[in-house]
Amino acid sequence: MYKNVFFVAFGGALGAVLRYLVSLIPLETDFPFQTFIINTAGAFIIGFITAAAVLRAEQSGGSVPVHLLLLLKTGFCGGFTTFSTFSLETLSLFEKGHGGMGTAYALLSLAAGVGAVLLGEFAGTR
């Protein structure tokens with residue numbers, strides 16, 4: 001159990017640091033591109049990891065070690081992506097009078113996230 005907690009914590013730390021570094025990319029716009037990119041990339045990564053793990057199990061009869069999946073999916077993807085920041089930024093857009101942009105951001109984020117998981121699964125099976 002403690003080993004699994006370590007892998008989740010280590011992956012989470014790596015994901016959180018990478019998320020912070022991406023957030024430092026200077027952009028002069030009200031649209032929260034950094035969070036959008038982070039969440040879409042994270043959705044692709046988790047789809048890829050999931051599909052690649054299933055493919056490996058089907059092809060080799062062996063499974064991906066649980067601690068590796070915990071590190072990558074729960075830890076890294078959990079630390080890298082951020083629903084809370086997405087929610088705050090969406091609300092902030094509405095509060096600043098950018099209702100159209102807030103709606104577009106929310107809908108685009110949802111579509112991009114689900115689409116990225118599908119693309120990641122597709123790539124993970126190749």
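What percentage of the 126 residues of the protein chain count as buried? In this predicted model, the share of residues that count as buried is 30%.

**Figure 1. Overview of the protein chain, a predicted model with 5 helices and 0 strands.** Read from the N terminus on, the elements follow the order α-α-α-α-α, and the C-alpha atoms fill a box of roughly 55 × 30 × 20 Å when this is taken along the principal axes. Among the contacts with a separation of 6 or more, 75% are accounted for by residues 24 or more positions apart.

**Figure 2. Close-up of the packing of helix α2 against helix α3.** Helix α2, which spans residues 33-60, and helix α3, which spans residues 66-80, pack at an angle of about 170°, and their axes are 9 Å apart. Because angles over 145 degrees count as roughly antiparallel, α2 is described as roughly antiparallel to α3. On the α2 side the contact is made by Ile38, Ala41, Gly42, Ile45, Ile46, Ile49, Thr50 and Ala53, which meet Leu69, Leu72, Lys73, Phe76, Cys77 and Phe80 of α3. Divided by class, the residues of this contact of α2 with α3 are 11 nonpolar, 2 polar and 1 charged.

**Figure 3. Close-up of the packing of helix α1 against helix α3.** Helix α1, residues 2-23, packs with α3 at an angle of about 35°, with the two axes 6 Å apart, and the crossing of α1 and α3 is right-handed. From α1, the residues Asn4, Phe7, Val8, Phe10, Gly11, Gly12, Leu14, Gly15, Ala16, Leu18 and Arg19 meet His67, Leu70, Leu71, Thr74, Gly75, Phe76, Gly79 and Phe80 in α3. The contact of α1 with α3 comprises 10 nonpolar, 8 polar and 1 charged residues. Phe76 and Phe80 of α3 are listed both in this contact and in the contact with α2.

**Figure 4. Close-up of the aromatic pair formed by Phe83 and Phe86.** A search of the whole structure finds 9 aromatic pairs, and one of them joins Phe83 and Phe86 in a tilted arrangement, with 5.5 Å centre to centre and 45° between the planes. Both residues lie in helix α4, residues 83-95, where they are 3 residues apart, about one turn of the helix. Phe83 counts as exposed because its relative accessibility is 62%, whereas Phe86 is buried, with a relative accessible area of 15%.

**Figure 5. Close-up of the pair formed by Phe86 and Tyr105.** The ring centres of Phe86 and Tyr105 are 5.3 Å apart and their planes stand at 55°, so this pair is tilted. Phe86 belongs to helix α4 and Tyr105 to helix α5, residues 99-124, so the pair ties together parts that are 19 residues apart in sequence. Phe86 and Tyr105 are both buried. In the wider view, ring pairs link Phe31, Phe33, Phe36, Phe83, Phe86 and Tyr105 into a cluster.

**Figure 6. Close-up of the surroundings of Gln34 in helix α2.** Gln34 is found in helix α2 and is buried, because its relative accessible area of 15% is under 20%. When residues up to four places away in sequence are not counted, Gln34 touches Val22, Ser23, Ile25 and Leu27.

How values were computed
Residues are numbered from 1 along each chain as its sequence is written. This is a predicted model: local features need pLDDT of at least 70, side-chain atom pairs count only at pLDDT 80 or more; totals for chains, interfaces and linings use all residues. Side-chain values use heavy atoms; hydrogens and water are left out. Axes are lines fitted to C-alpha atoms, for helices over the stretch in contact, and angles run from 0 to 180 degrees between N-to-C directions. Helices (H or I, at least four residues) and strands (E, at least two) are DSSP runs, numbered from the N terminus. Angles under 35 degrees count as roughly parallel, over 145 as roughly antiparallel, 65 to 115 as roughly perpendicular and the rest as oblique. Contact means heavy atoms within 4.5 Å. Ala, Val, Leu, Ile, Met, Phe, Trp, Tyr, Cys and Pro count as nonpolar, Asp, Glu, Lys and Arg as charged, and the others, Gly among them, as polar. A crossing is left-handed if the near helix is turned anticlockwise from the far one by less than a right angle, and right-handed if clockwise. Rings of Phe, Tyr and Trp (its six-membered ring) pair if their centres lie within 6.5 Å; planes under 30 degrees apart count as stacked, over 60 as edge-to-face and the rest as tilted. Buried means under 20% relative accessible area, exposed over 50%, partly exposed in between (1.4 Å probe, protein chains only).
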